[in-house]
Amino acid sequence: MPGERIPFTDRVDAGRKLARAIEREDFADPVVMALPRGGVPVAFEVAAHLGAPLELLIVRKIGAPGQAEFGLGALVDGEVPQLVLNDEAMRLVHPPEAYVEAETERQRLELTRRRALYVGDRPRVSPKGRNVIVVDDGIATGGTAKAAIQALRKEGAAALMLAVPVAPPSAVTSLRREVDRFVCLASPSPFHAVSIYYDNFEQTTDAEVVALLKQAREDGR
């Protein structure tokens with residue numbers, strides 16, 4: 001039914017259901033990349049089910065001057081972090097070049113800080129030549145996921161799958177064109193905030209992210 005509430009108990013439940021759906025896809029030997037923080041518990045379950053490596057994919061929004069929530073693009077983690085700009089947003093706002101450079105540097109420092117916090121000095125799993133599954137706990141507009149996918153393409157991923165428990169129909173239509181496979185368990189219409197499709201949607205903490213990544217390493221992933 002349109003607008004029906006989707007009964008994901010929490011991110012663990014969503015991750016297990018997502019893993020079973022992904023398993024039906026022919027997507028061999030993947031690396032699972034989680035969008036933190038909320039995507040990590042979901043991706044942990046997916047990686048555990050598939051026996052795949054778990055990696056973080058940190059994305060930092062580049063906000064417009066005076067409107068931080070309006071994204072001009074994003075800086076995406078990688079061997080060399082990549083700046084992915086939204087051409088339409090850039091034409092609309094036309095920010096000064098110096099502003100974009102300064103904001104990019106600020107987000108680069110924050111990206112570096114977060115990677116050090118979450119994984120320390122552990123080498124990053126490279127997506128080059130790999131089948132990559134990008135996982136989040138849900139999509140609202142799709143801007144972050146789109147930037148992540150474009151950056152992974154440039155970094156040489158062999159094939160890309162985007163996998164989420166829930167997303168609006170508009171995002172599904174848009175993002176499906178960006179990837180080789182798209183797994184989405186539910187796409188209700190009308191769509192409301194991602195949180196209402198979970199019974200428990202408490203904020204994932206930094207400590208939880210660190211613990212899950214540590215457990216994945218200990219499990220050999």
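Me: Quick one to start with: where is the place of Asn131?

Reply: In this predicted model, Asn131 has its place in strand S6.

Me: And what is Asn131 in contact with, leaving aside its neighbours within four places in sequence?

Reply: With those neighbours set aside, Asn131 is in contact with Phe27, Ala28, Asp29, Pro30, Val31, Ala158 and Ala159. For Ala28 there is also a distance to give, since a polar atom of the Asn131 side chain lies 2.8 Å from the backbone oxygen of Ala28.

Me: Asp29 is on that list, so where does Asp29 sit, and what is its phi?

Reply: Asp29 is placed in the loop between H1 and S1, and its phi is near 45°, which is a positive value in a residue other than glycine. As background, most residues other than glycine have a negative phi.

Me: Back to S6, then. What is the strand order in the open sheet of five strands, and is the pairing parallel or antiparallel?

Reply: The order is S2-S1-S6-S7-S8, and the pairing in this open sheet is parallel. The edges are taken by strand S2 (54–56) and strand S8 (181–186), each of which has a single partner strand, so one side of each is left without a neighbour in the sheet. On average, and with direction ignored, neighbouring strands of this sheet are turned by 25° against each other.

Me: How many bridges pair S7 and S8, and what stands opposite Leu162?

Reply: Strand S7, which covers residues 159–166, pairs with S8 in the parallel sense over five bridges, and the residue opposite Leu162 is Phe182 in S8.

Me: Which strands does H1 lie across?

Reply: H1 lies across strand S6 (131–135), S7 and S8, and its direction runs at about 135° to that of S8.

Me: H1 also packs with H2, so at what angle, and how far apart are the axes?

Reply: Helix H1 (residues 11–23) and helix H2 (residues 39–50) pack at an angle of about 40°, and their axes are 7 Å apart. That angle makes H1 oblique to H2, and the crossing of the two helices is right-handed.

Me: Which residues meet there?

Reply: From H1 the residues are Arg11, Val12, Ala14, Gly15, Arg16, Leu18, Ala19, Arg20, Ile22 and Glu23, and they meet Pro41, Val42, Glu45, Val46, His49 and Leu50 in H2. Sorted by class, the residues of this contact between H1 and H2 comprise nine nonpolar, two polar and five charged.

Me: Changing topic: what order do the strands of the open sheet of three have, and which strands stand at the edges?

Reply: That sheet has the order S3-S4-S5, with antiparallel pairing. Strand S3 (59–64) and strand S5 (82–85) stand at its edges with a single partner strand each, so one side of each is left without a neighbour in the sheet. Its neighbouring strands are turned by 45° against each other on average, direction ignored.

Me: How many bridges join S4 to S5?

Reply: Four bridges join S5 to strand S4 (residues 67–76), and the two run antiparallel; Ala74 stands opposite Val84 in S5.

Me: What about helices here, and which strands does H4 lie across?

Reply: H4 lies across S3, S4 and S5, running at about 155° to S3. Helix H5 (residues 143–154) also packs on the sheet and touches S3, S4 and S5, with a direction that makes about 130° with that of S5.

Me: At what angle do H4 and H7 cross, and which residues make the contact?

Reply: The axes of H4 and helix H7 (residues 206–218) come within 8 Å and cross at roughly 55°, and the two helices are therefore oblique to each other. The contact is made by Leu117, Tyr118 and Val119 of H4 with Asp206, Val209, Val210 and Leu213 of H7, and by class it has six nonpolar, no polar and one charged residues.

Me: How far apart are the C-alpha atoms of Arg114 and Asp206?

Reply: They are separated by 9.1 Å, although the two residues are 92 residues apart along the chain. Arg114 lies in helix H4 (residues 97–119) and, not counting residues up to four places away in sequence, touches Ile58 and Arg60.

Me: Last thing: which peptide bonds are cis?

Reply: One of them is the bond from Pro36 to Arg37, with omega near 0°, where Arg37 lies in the loop between strand S1 (30–34) and H2. Another is the bond from Ser189 to Pro190, with omega near 5°, and Pro190 lies in the loop between S8 and H7.

Key. Residues are numbered from 1 along each chain as its sequence is written. This is a predicted model: local features need pLDDT of at least 70, side-chain atom pairs count only at pLDDT 80 or more; totals for chains, interfaces and linings use all residues. Side-chain values use heavy atoms; hydrogens and water are left out. Axes are lines fitted to C-alpha atoms, for helices over the stretch in contact, and angles run from 0 to 180 degrees between N-to-C directions. Angles under 35 degrees count as roughly parallel, over 145 as roughly antiparallel, 65 to 115 as roughly perpendicular and the rest as oblique. A crossing is left-handed if the near helix is turned anticlockwise from the far one by less than a right angle, and right-handed if clockwise. Contact means heavy atoms within 4.5 Å. Ala, Val, Leu, Ile, Met, Phe, Trp, Tyr, Cys and Pro count as nonpolar, Asp, Glu, Lys and Arg as charged, and the others, Gly among them, as polar. Two strands pair if DSSP finds at least two bridges between them. A polar contact is a pair of N or O atoms within 3.5 Å; within protein, one must be able to donate a hydrogen and the other to accept it, and residues adjacent in sequence count only if both atoms are side-chain atoms.
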